[in-house]
Structures are given as C-alpha cells and as structure tokens.
Amino acid sequence: MFSFCSDPSVLDGWRWFACYLTNGKHLTAYLSFGTVMALLAITAPTALLFGFGGAVAARSSFGPLRWFGKGYTSIVRGVPDIVFFLFFVIALDQGFEWLRHQALCPDWTDPIRQGNDFIVCPEAKLPQSSAPQWVHELYGFFLAVLTFAIVFGAFASNVLFGAMAAVPQAQLETAAAYGMTPRQTFRRILVPQMWVYALPGLSNLWMILVKATPLLFLLGVEDIVYWARELGGTKGSVFAYPHPDWRIWYFTALLVFYLGLTSVSERVLARLQRRLSHGQATAAGESQRREVVA
Amino acid sequence: MKSMLLGTVALALTASVAFADGHSTVRMGTEGAYPPWNFINDNGEVDGFERALGDELCARAELTCEWVTNEWDSIIPNLVSGNYDAIIAGMSITAERDEVIDFTQAYTPPDPSTYAAMSDGVDLSGGVIAAQTGTIQAGYIAESGATLVEFATPDETIAAVVNGEADAVLADDSFIRTAIEANGDLMVVGDPVSLGGGVGMGIRESDGDLKAKFDAAIQSMKDDGSLNELIATWEVSSQW
C-alpha cells in the first residue's frame, strides 16, 4: 500500500500498523463489510416478500394453497438454522444442477448418484468448474441470500399472519358495508393497517438477521466474523506481520460495528412505528391524535 | 414466491451457458487455517506447504488448478457434492474417511501427534484436552478417557489452552511447534502419539482419473526427492 511497506520486518511503531492494516488480507476483510451490508439489503426485502406470500397463502380459502403456506412456516421454523445452512444449501445446489443436467445432457447414461458422490455432466455444473473464482463467490452469495430469505421468510410469514388477524374486524366489516369486494378490502384496508401490528415482530427478525451473518461462512462466503477470527488469531513467523492473539481487538471492533448498526436500526424502526401508528385505531394512534388536539 | 423460484431456476439454467466451452479446472479445497500446512498469507492468498505442493502436483499432472477455502466441518460434504474436486488440507488418511471419499497415496508419512500445555505435569490421561472437531486427534482423545473439548478451528484449540479452558491440546506435531514458536508460554508435554496413516489428498470416489493423475504426480515427486525438499522447507513432518 505505502512505499515504505516493502520490508515489514524492519518497520516499527505506526508505520508497522499502517502497513499491517492495509495489507491485502485486511483490504479483503474491509470489503467483507460490504458483503454483509449487501446481504442484509437484499435478504430483508426478499424475506419480507416470501413472508407476505406465505401469510397470504396460509389465509387462503383454497385448501392446497393454505396447506402449502402453513406447511412452509411450520416446517422451516421447526428446523434448526445450522441444518438449513449445512444441508439444505447443498441440496438446493444439487437440485439446480440436477435440473440443468436433465435439460442440458439428455444423453448422459451414468447415474447421478454414485455412492456418496453427486455427479452431473460437466455442462450442468453450477457454476462451471472453469468459471473464475468471483463467479463461484457470487453464486455462493446468491445461495446464501436465497437460504436466508427462505428461513427468515417463514418467521416473517407467521408475524404477518398474526398481524393480518389483529386488524379489527370492525374495519373489515365497514369496508364490506361500503361495498368493497374482498380483494379491495384486502388491498385497501387489511394490508395498510396490518403493518403497525407486524412491525414489532419484524423488527425482532431484522435484529436477528443482522447478527446471523456468521452462518455465511458455512456457505463459503467470508463474512466479517470469519475475518476477525482469521486476522486476530496468533500469527507466527511464517507471516510477514507476526503478532500474538489479537482477537479481542478485532472482536471489539465488531462489537462497535454491530452496536452501531443495531442502534441505527432501532432509531429507524421507532420512527417507522410512529409513522405507521398515525391515524390507527390503536392505543399509540389514539395518543398521537390527542397530542395533536392538545 | 412461486414466480420468484421459477425465475431463479430460469436464471440458473441460462446463467452459465457462456462458460460451457472452457476446459475443466481442478478446484483444490483447503481450510486455510493450519500453518504451516495451509494458511491465508498477508496478501489474502492460500499459502503454505500444501499450496506449494498442490501447485507443483498440478504442474506435473498438467492440470489447471484453482484454490478455494472451506470450513473444516463441511469440507467432505462439499467435495462429494462437487463444489471442488480435491481436498488438500492436512487430512490424515483414516478408515472412516476412506468409506466416504478416496485418498491419493500419502504425501507426508504418518507422523506422531504432540500435546502442548502451559506447564509440565498436566494430567494427559484424565484432564481436559482440546482438539479440532472431526480430526483424528479428537477421535483419539474421545477414546482415551480424557475429557475432550472440541473447537471448529485449530487456532481456538491453542487459545483454549492459553486461557486455561483446557489443560492441553493435541494436534499434528508441526502445527504444535508453529504455535509454540508464536506463543512462548506453551511447551510440548507428554509423549507423542502415533495416529492416522499419513496425509493424502481427498478425491471423490467416482473420480478415478483425477486420483490416478495425482497419485502419479506424488510418486514422481517422491522419486526425484523434491517432495522431501518441500517437507524440509516447510518443516511439516518427517521425510520419506
């Protein structure tokens, strides 16, 4: 990074730290903060979408759809996260490759399952084994987003299901009395009003999601906790920058990062809750109305 | 949600058509946390004895190789699932592992494992001993009557002893010596124990071609003495 970094062994004091903190490994670690933020930014809306779909399905009057919605939430909520991240992802990856195998290699005669091995034709590999490393990483990231979205979607689905049931019946009856169709009632009355009931549950999920990113390493995506462990660990003389066990410092930096992230989230969520309560037939909505009147 | 999944499948079906014609690259999976065998160097690249060995083997077998790191816990499932083609991660050849995957011939001879502790006179047969999950050392301690505490990474096993959480740690001799060098308070204790059948590369059972190529390359390095030179440079084990 800096011109004086060429021989780390002769450096001392701040120069050593300046070089140490800007070596290739640290730069990769700084980038992983971006990976985590990108994961959160993509996963949260996707999970909410899955959750909304699940909740709507679970409320459906059409039997199979309702069973699907209920089954999705109960099964996924009941399976430990680590099982999902160790085995489901491998199964998902194999599922994609199996589909591609069927589509791309119809003439392939060897069995796909040979003992413990899972063999598809080379064209069906995902990503191709000759693909550059970043494609593999992007694919891993994509699997991570999908898995997180499925897991957190199931929890969000239950939260939204409860929130939909919490909207006062009188509101829905009034809508019907005004001549709205069930579809209109759903869109104009139920969905806008349910968020205020859903937000506390959803904000819990968001906080858990923020802290769940170390599960990423099980998928081969290197997140900030992986790097804190890797960089902080004792470095012997095979490394250019040897140092004793410094994990406490790296994890302290993570602590600050996570506390900052959660405290910003809390402030945003509190503001959102206030906004959603506005004009609602809830205690919070009522007290807001009184403030304005007084 | 359904259209989302369908969209995903469609994406997956089309995404890599562009890469379809390139010839196969052999992906080498390692842990990257076990110096001097394999570790991530200061530039963020895989380095160590197995990096040097793997690059040489690939050159001799005329293969294009690419390095990937994977958590130790899931290193075998990801191999059989085809996420990489070979494990080269200081993995000892054992009968249990051999049931799931195949091994090339060993590239380092079976070497004793060593205990390290903060002070002499630790009770190795009845005390609390740290080892990495899923290693031959963990299996040995579990059967020895001592209390086993397992950790996901090698580094944590050393930290457990330094913090007093465990009385001693059992690992490959070269790793213990590297750790002692980095941490002056540790010392070798007790007698070394002989475990495992040497370290080899893990290959899928169905991948006989690749196994044969690496076997031949390892044999040629054994024959011309370059493997012994490499072992001496990195001080990972005894020589052939």
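**Backbone geometry and helix packing in chains A and B**

In this predicted model, Pro127(A) is placed in the loop of chain A that runs between strand S2 (117-118) and helix H5 (133-166). The peptide bond that joins Leu126(A) to Pro127(A) is cis, with an omega of about -10°. A cis peptide bond is also present in chain B, where the link from Pro35(B) to Pro36(B) has an omega near 0°; Pro36(B) is located in the loop between strand S2 (33-34) and strand S3 (38-40) of that chain.

The helix H5(A) that follows the loop of Pro127(A) packs with helix H4 (residues 81-104) of chain A at an angle of about 125°, the two axes being 10 Å apart. At this angle H4(A) is therefore oblique to H5(A), and the crossing of the two helices is right-handed. On the side of H4(A), the contact is formed by Asp81(A), Phe84(A), Phe85(A), Phe88(A), Val89(A), Leu92(A) and Asp93(A), while H5(A) contributes Leu143(A), Leu146(A), Thr147(A) and Val151(A). By class, the residues of this contact comprise 8 nonpolar, 1 polar and 2 charged. As background to the spacing of such positions, an α-helix has 3.6 residues a turn, so residues three or four places apart point the same way.

For helix H9 (residues 247-277) of chain A, the length can be compared with expectation: at 1.5 Å a residue, its 31 residues should span 45 Å, and because the C-alpha atoms at its ends are 44 Å apart, the two values agree. Just after H9(A), the backbone at Gly279(A) adopts a positive phi of about 75°.

In chain B, positive phi values occur at residues that are not glycine, among them Glu62(B), with a phi of about 55°, and Glu235(B), with a phi of about 50°. Glu62(B) belongs to the loop between helix H2 (49-60) and strand S5 (65-69) of chain B, whereas Glu235(B) is found in the segment after helix H9 (226-234) of chain B. The surroundings of the two residues were assessed by counting C-beta atoms within 10 Å. Glu62(B) has 8 other C-beta atoms within this distance and, because a residue with 12 or fewer is taken as exposed, falls into the exposed class. Glu235(B) has 13 C-beta neighbours inside 10 Å and so counts as partly exposed.

Notes: Residues numbered from 1 in each chain as written. Chains lettered and ligands numbered in written order. Predicted model: local features only at pLDDT ≥ 70, side-chain atom pairs only at ≥ 80, totals over all residues. Helix = DSSP H or I, 4+ residues; strand = E, 2+ residues; numbered from the N terminus. Buried ≥ 20, exposed ≤ 12 C-beta atoms within 10 Å, placed from the backbone. Axes fitted to C-alpha atoms, helices over the stretch in contact; angles between N-to-C directions. Parallel < 35°, antiparallel > 145°, perpendicular 65-115°, else oblique. Left-handed = near helix turned anticlockwise from the far one by under 90°. Contact = placed C-beta atoms within 7 Å. Nonpolar A, V, L, I, M, F, W, Y, C, P; charged D, E, K, R; others polar. Expected span 1.5 Å × (residues − 1).
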